[in-house]
Structure formats: C-alpha cells, structure tokens
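Visitor: I'm new to looking at protein models. Could you show me how to read one, step by step?

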Amino acid sequence: MNSYQIQANEKGSRFITVSEENLQTIEKYNLLGDLLNSTGFVDQKTLDKLQLNVRALLENTNGKPELLGLCQDVLFQDNMKAFALYQLIKLYINWRQETNIN
C-alpha cells in the first residue's frame with residue numbers, strides 16, 4: 001500500500017505519514033464529510049470537531065482497528081494541528097480523484 005507525507009507545519013519542518021489504509025478509513029466512515037463550515041476555513045475548532053466525531057465513532061464501533069490506527073498514526077498525534085488537517089483534506093481530495101472514488 002502507498003503512503004503519503006503531509007506537511008504538518010507552515011515552516012515545513014514537521015511531517016505526518018498517511019497510509020492508503022488511513023485514507024480508506026477516512027472514506028469508509030466519511031470523516032471529512034460535513035466537517036467544514038460554509039467558509040471552508042480549517043482552524044483548531046475544525047480539528048476538535050473531527051477528533052470528537054472520531055471518539056464517538058470509536059465508542060460506537062468498539063474500537064475498530066482501522067479507526068484506532070488512523071487515530072494513532074494521524075489524527076491524535078502531536079503534530080496534528082489545523083495546518084496539518086488542511087493538508088490532510090487536500091491529500092484526501094487528490095487521493096479520491098486519483099482512485100476515481102465518487
């Protein structure tokens with residue numbers, strides 16, 4: 001499976017590795033759907049909303065391994081901030097286009 005690097009800060013000194021499995025999990029659970037408000041601006045509140053949604057999913061799915069992996073690898077790691085979430089959203093959109101997911 002492929003893995004991708006997203007920039008985690010504006011300086012470009014930190015990166016997060018996102019696996020194809022992570023992107024498939026985002027797709028499976030529609031984690032980015034309805035996440036952004038009408039402005040499309042990604043801020044800390046957006047990240048907080050995503051993390052709360054994922055915590056609720058974890059409780060309702062009895063900790064599915066793919067969700068736990070996404071949390072550990074990407075969503076809840078120290079480098080995940082609003083800037084990194086924006087990069088993750090861009091990666092996800094590009095990945096969907098490349099894999100022809102509608």
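Visitor: Let's start from the outside. How much area does the protein expose, and what share of it do carbon and sulfur atoms supply?

Guide: First, keep in mind that this is a predicted model. The protein exposes about 6,300 Å², and 46% of that comes from carbon and sulfur atoms.

Visitor: And how many of the residues count as buried?

Guide: The cut-off here is a relative accessible area under 20%. By that test, 40% of the 102 residues are buried.

Visitor: What is the secondary structure made of, and in which order do the elements run?

Guide: There are four helices and two strands. Starting at the N terminus, you'd read them off as β-β-α-α-α-α. The radius of gyration is 13 Å, close to the 13 Å that the globule rule gives for 102 residues, so the protein is as compact as a globular protein of that length. If you'd like a box around the C-alpha atoms, roughly 40 × 30 × 30 Å along the principal axes will do.

Visitor: What do contacts say about residues that are far apart in sequence?

Guide: Take the contacts between residues at least 6 apart in sequence: 60% of them join residues at least 24 apart.

Visitor: Can we zoom in on one residue? Is threonine 46 buried or exposed?

Guide: Threonine 46 belongs to helix H2. Its relative accessibility is 7%, so it counts as buried. Setting aside neighbours within four places in sequence, threonine 46 is in contact with Leu35, Leu36, Phe41 and Leu85.

Visitor: What about backbone angles? Which sign does phi have in most residues?

Guide: As a general idea, most residues other than glycine have a negative phi. Here, asparagine 30 isn't a glycine, yet its phi is positive, about 50 degrees. You'll find asparagine 30 in the loop between helix H1 (20–28) and helix H2 (44–60). Aspartate 34 isn't a glycine either, and it has a positive phi of about 60 degrees. That residue also sits in the loop between H1 and H2.

Visitor: How do asparagine 30 and aspartate 34 count for accessibility?

Guide: Asparagine 30 has 49% relative accessibility, so it counts as partly exposed. Exposed means over 50%, and aspartate 34, at 72%, counts as exposed.

Visitor: Last one: how many charged side chains are there, positive and negative?

Guide: The protein has 10 positive and 12 negative side chains. The centres of those two sets lie 5 Å apart.

Definitions and conventions. Residues are numbered from 1 along each chain as its sequence is written. This is a predicted model: local features need pLDDT of at least 70, side-chain atom pairs count only at pLDDT 80 or more; totals for chains, interfaces and linings use all residues. Side-chain values use heavy atoms; hydrogens and water are left out. The radius of gyration is taken over C-alpha atoms; the globule rule is 2.2 Å times the number of residues to the power 0.38. Buried means under 20% relative accessible area, exposed over 50%, partly exposed in between (1.4 Å probe, protein chains only). Contact means heavy atoms within 4.5 Å. Accessible areas come from the Shrake-Rupley method with a 1.4 Å probe; for residues, only the protein chains shown count as cover. Lys and Arg count as positive and Asp and Glu as negative; His and the chain ends are not counted. The place of a charge is taken as NZ of Lys, CZ of Arg, CG of Asp or CD of Glu.
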